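Q: Please take a close look at one part of this model and then follow its surroundings outward. Keep the cut-offs explicit.

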Amino acid sequence: MIESGLYYSKEHEWLRLEGGGTAAIGITDHAQEELGDIVYVELPAPDSAVGAGEAVGTVESVKAVSEIFCPVAGVVTEGNQALEASPERINADPYGDGWLFRIRFEDESALAPLLSAADYAEYLASEGG
């Protein structure tokens, strides 16, 4: 499942614009499927400045630990605290309740390197996913 209207990275993160220069970020349905049952999430701290492509946290499953990469530069405004007690929300609803953190970023031109839903689907197909 690839949700339309979002921006995607080749590292399998998604970004949803929320207005006022903020965006929610999570991992894609493809990423959570590859990881399997998620048992732990380490999120970036609020008010931390992060760079585009920077590793900002981890998602741990019964199979592996995977880094979370921030698709745009900005300042983290909040993490999804509900994931501390229930990280499986990422498996159940990666584009909804399973969001990871929110970020405030300066300029929508930062979205240019990201993929549309159609481009992400094409990328997955080319990667054999």
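**The last helix and its surroundings**

A: Gly128, just after α4, takes a positive phi of about 80°. Helices (H or I, at least four residues) and strands (E, at least two) are DSSP runs, numbered from the N terminus. The model is predicted, so local features need pLDDT of at least 70 and side-chain atom pairs count only at pLDDT 80 or more, while totals for chains, interfaces and linings use all residues. Residues are numbered from 1 along each chain as its sequence is written, and side-chain values use heavy atoms, with hydrogens and water left out.

Helix α4 spans residues 117-126, and its buried residues are Ala117, Tyr120, Tyr123 and Leu124. Buried means under 20% relative accessible area, exposed over 50%, and partly exposed in between (1.4 Å probe, protein chains only). These four cover an arc of only 115° around the axis, which puts them on the same side of α4; the arc is that of the directions from the helix axis to the C-beta atoms. An α-helix has 3.6 residues a turn, so residues three or four places apart point the same way. Ala118, Glu122, Ala125 and Ser126 are exposed on the other side of α4. The cover over the buried residues of α4 includes β1 and α1, where contact is taken as heavy atoms within 4.5 Å.

Tyr120 from this buried side also belongs to a cluster in which ring pairs link Tyr8, Trp14, Tyr95 and Tyr120. Rings of Phe, Tyr and Trp (its six-membered ring) pair if their centres lie within 6.5 Å; planes under 30 degrees apart count as stacked, over 60 as edge-to-face and the rest as tilted. The count by this rule is three aromatic pairs. For Tyr8 and Tyr95 the ring centres are 6.5 Å apart and the planes stand at 85°, so this pair is edge-to-face. Tyr8 is in strand β1 and Tyr95 in the loop between α3 (89-92) and β9, so the pair ties together parts 87 residues apart in sequence. Trp14 and Tyr95 have ring centres 6.0 Å apart and planes at 50°, so they form a tilted pair. Since Trp14 lies in strand β2, this pair ties that strand to the loop between α3 and β9, parts that are 81 residues apart in sequence. Tyr8 and Tyr95 are buried, and Trp14 is buried as well.

Strands β1 and β2 belong to an open sheet of six strands with antiparallel pairing, in the order β1-β2-β3-β9-β8-β5. Its edge strands, each pairing on one side only, are β1 (7-8) and β5 (49-50). Two strands pair if DSSP finds at least two bridges between them. Within this sheet, β3 (residues 22-27) and β9 (residues 101-104) are antiparallel and share four bridges, with Ala24 having Arg102 of β9 as its bridge partner. Arg102 also lies over the face of Trp99, at 4.1 Å from the ring centre; the rule asks for NZ of Lys or CZ of Arg within 6 Å of the ring centre and within 35 degrees of the ring normal.

The core comes next. A nonpolar core is a set of buried Ala, Val, Leu, Ile, Met, Phe, Trp, Tyr and Cys residues joined through side-chain atoms within 4.5 Å. The largest such core has 23 residues, of which Ile27, Leu100, Phe101 and Ile103 touch the most other members. Elements giving two or more residues to this core are β3, α1 (29-35), β4 (38-42), β6 and β9, and β3 has the largest share with three residues. Leaving out residues up to four places away in sequence, the residues that Phe101 touches include Ala24, Val56, Ile68 and Cys70. Another core, of eleven residues, lies apart from this one, and Tyr8, Trp14, Tyr95 and Tyr123 are among its members. Tyr123 is thus the link back to the buried residues of α4.

Strand β6, a contributor to the 23-residue core, has five of its seven residues buried, so the rest of the structure largely encloses it. Four bridges join β6 to β4 in the antiparallel sense, and Tyr40 has Glu60 as its bridge partner there. β6 is also antiparallel to β7 (residues 65-69), over five bridges, with three residues between the two in a hairpin. Thr58 is in β6 (residues 55-61) and counts as buried at 18% relative accessibility. Beyond four places in sequence, its contacts are Tyr40, Val41, Glu42, Val65, Ser66, Glu67 and Ile68.
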